[in-house]
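Trainee: I have a new model on my screen and would love to go through it with you. Could we take it question by question?

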Amino acid sequence: MGQIILKTIIIIKADEMKLKSKSFQRFLFHEISMHFDNTAKHELNVYLKNVKIPANISDIYDNVLKEALNADRLETKILFIKQWLDMDFNRDKKQDNIYALRNVRFLKKLKTKLSHFQEEMAEELHNQRYYHLCKQFKKNQEEIKTRHDYYPTTRLMRIDERNIETILKQLNLTENHTINIDFKEFGDQVYEKVKDTGSGIIDDYLVILKKLLQEIIDGDIDTESKPPSEALDKFMIEINLLLSIPDFYQKHQQLYDYLQHNLTIDLQTLQNSEQGEQHSLDIFNILKSKGMDLIVAFLFSNFEFLESLHEEWALLLPQVPANFFDPKCRVLREIQLLYEDFKRDFENSNSYETYLQATKDLQELTEKEQSDRSHIFNLLYDATQNVGALRVNIIAEKCSEV
């Protein structure tokens, strides 16, 4: 009986944690969406495998049928079945054909509603993260102001870890306590912890962006100011491609590659560049007028990812002074401390530059030694390059709206 009660308590606690989790909505939506997709694909494929194409039109429809069977997207399968049932020789009003047509329409409606739910969820999670980040940002700004008001000539310093080490040595408490951490294992552990969050941050922005682009395509702006459909379609194709990539690192690399070759984070450069496409600028400005400033979104996404990464980073590291670590892996602890320094005063360029240099050194070291198999240290350095003291004004302006 005791064992049964214990298991029940564990299950209840696990469920409570899910409900309290910031990832609960995404977890539940993923479960529902995956079950719907798998069930719908199975039933549609069963129907498609039983389609008998008349000999006189087999040359035309054989390839189309194969394409529908092999397609991963439900829409492709549904479109073929609707067109198939709409053909003259299928219009015999048989009850099973009527049910089939009504059922594929039902699947299409349900798929559309799930997409709308995904958009709403993405916007809500996106706004929650904005609120959390801005609340933290404002708190830091207030603490800095208070510190300057009450301690105008004194800087509050973190306890010097070297002093702690000296005291412990005098007490003979440091023998055999050097901590050695394997970069590969640590990197793998951090990546496993943050990969879903990282993908979620990117996907939420992409889903919102996709919704706004669809509104532009559907014509909710003046025809004169609407970019060419080819440019919009190209943008939409890229978004769908990014959303379809399951691995966080691959998704991240594809996104950065697209931004590097097609857009620029510096709007001034885009406006003055002879190579900058006017269509990209038009889309950029329309999205900004609809509340999606791509520059701000990019900056916030990097802040969000760093916050999540360092939260897991700190939990995985032993909470002891940096000097207790082996000299080689001491940088892991130092980077965490440097990030905390940077967070205390976002406007302090010295704190940022020191933090940035440490992440760069770690990235170069692990790349040279091939000890970053999960690419987490590369992801850290990429994100760190896109935050910093010079971008604080942009963040502050956005936070004033939240």
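Trainee: Let's start with a loop. Between which helices does the loop holding Q370 lie?

Mentor: Good place to begin, and keep in mind that this is a predicted model. Q370 has a positive phi of about 55° although it is not a glycine. The loop that holds Q370 runs between α14 (349-368) and α15.

Trainee: Is Q370 buried or exposed?

Mentor: Look at the relative accessible area of Q370, which is 66%. The cut-off for exposed is over 50%. Therefore Q370 counts as exposed.

Trainee: And H375, what class of accessibility does H375 have?

Mentor: H375 also sits in the loop between α14 and α15, and its phi is positive, near 65°, in a residue other than glycine. Its relative accessibility is 30%. Buried would need under 20% and exposed over 50%, so H375 is partly exposed.

Trainee: Moving on to α15, at what angle does α15 pack against α7?

Mentor: Two packed helices are described by the angle between their axes and the distance between the axes. For α7 and α15, the axes are 9 Å apart. The angle at which they pack is about 65°.

Trainee: Which residues of α15 make that contact with α7?

Mentor: From α7 the contact takes F183, F186, G187, V190, Y191 and V194. By type, the residues of this contact divide into eight nonpolar, one polar and no charged. On the α15 side, the residues are I376, F377 and L379.

Trainee: Is there empty space inside, and what is the volume of the largest cavity?

Mentor: Rolling a probe the size of a water molecule over the atoms shows where empty space is left. A search of the whole structure finds two cavities of 30 Å³ or more. The largest cavity has a volume of about 470 Å³.

Trainee: Which helix gives the largest share of the lining of that cavity?

Mentor: The lining has 30 residues, with Y205, L255, L259, F298 and S301 nearest the centre of the cavity. At least two lining residues come from each of α7 (183-217), α8 (229-244), α9 (248-262), α12 (294-316) and α15 (376-385). The lining comprises 24 nonpolar, five polar and one charged residue. With seven residues, the largest share comes from α12.

Trainee: Staying with α12, which residues does S308 touch beyond its neighbours within four places in sequence?

Mentor: S308 lies in helix α12. Its relative accessible area is 7%, so S308 is buried. Leaving aside those sequence neighbours, S308 is in contact with V194 and T197.

Trainee: How far apart are the C-alpha atoms of F284 and I295?

Mentor: F284 is found in helix α11 (residues 278-289), and at 4% relative accessibility F284 counts as buried. I295 is eleven residues away from F284 along the chain. Their C-alpha atoms are separated by 9.4 Å.

Trainee: What about H116 and V207, how far apart are they in space?

Mentor: H116 lies in helix α5 (residues 95-150) and is partly exposed, with a relative accessible area of 42%. In sequence, H116 and V207 are 91 residues apart. In space, C-alpha to C-alpha, the distance is 9.8 Å.

Trainee: Last one, about the whole chain: what share of its residues count as buried?

Mentor: The chain has 16 helices and zero strands. Its accessible surface comes to about 24,900 Å², with 51% belonging to carbon and sulfur atoms. Of the 402 residues, the share that count as buried is 41%.

Technical notes
Residues numbered from 1 in each chain as written. Predicted model: local features only at pLDDT ≥ 70, side-chain atom pairs only at ≥ 80, totals over all residues. Heavy atoms only, no water. 1 Å grid on protein atoms, 1.4 Å probe; cavity = no way out; pocket = protein on both sides within 12 Å on 5 of 7 lines; lining within 4 Å. Points joined across faces, edges and corners; volume = space filled by probe spheres on them. Helix = DSSP H or I, 4+ residues; strand = E, 2+ residues; numbered from the N terminus. Nonpolar A, V, L, I, M, F, W, Y, C, P; charged D, E, K, R; others polar. Axes fitted to C-alpha atoms, helices over the stretch in contact; angles between N-to-C directions. Contact = heavy atoms within 4.5 Å. Buried < 20%, exposed > 50% of the residue type's maximum accessible area, 1.4 Å probe, protein only. Areas by Shrake-Rupley, 256 points an atom, 1.4 Å probe, with all protein chains shown as cover.
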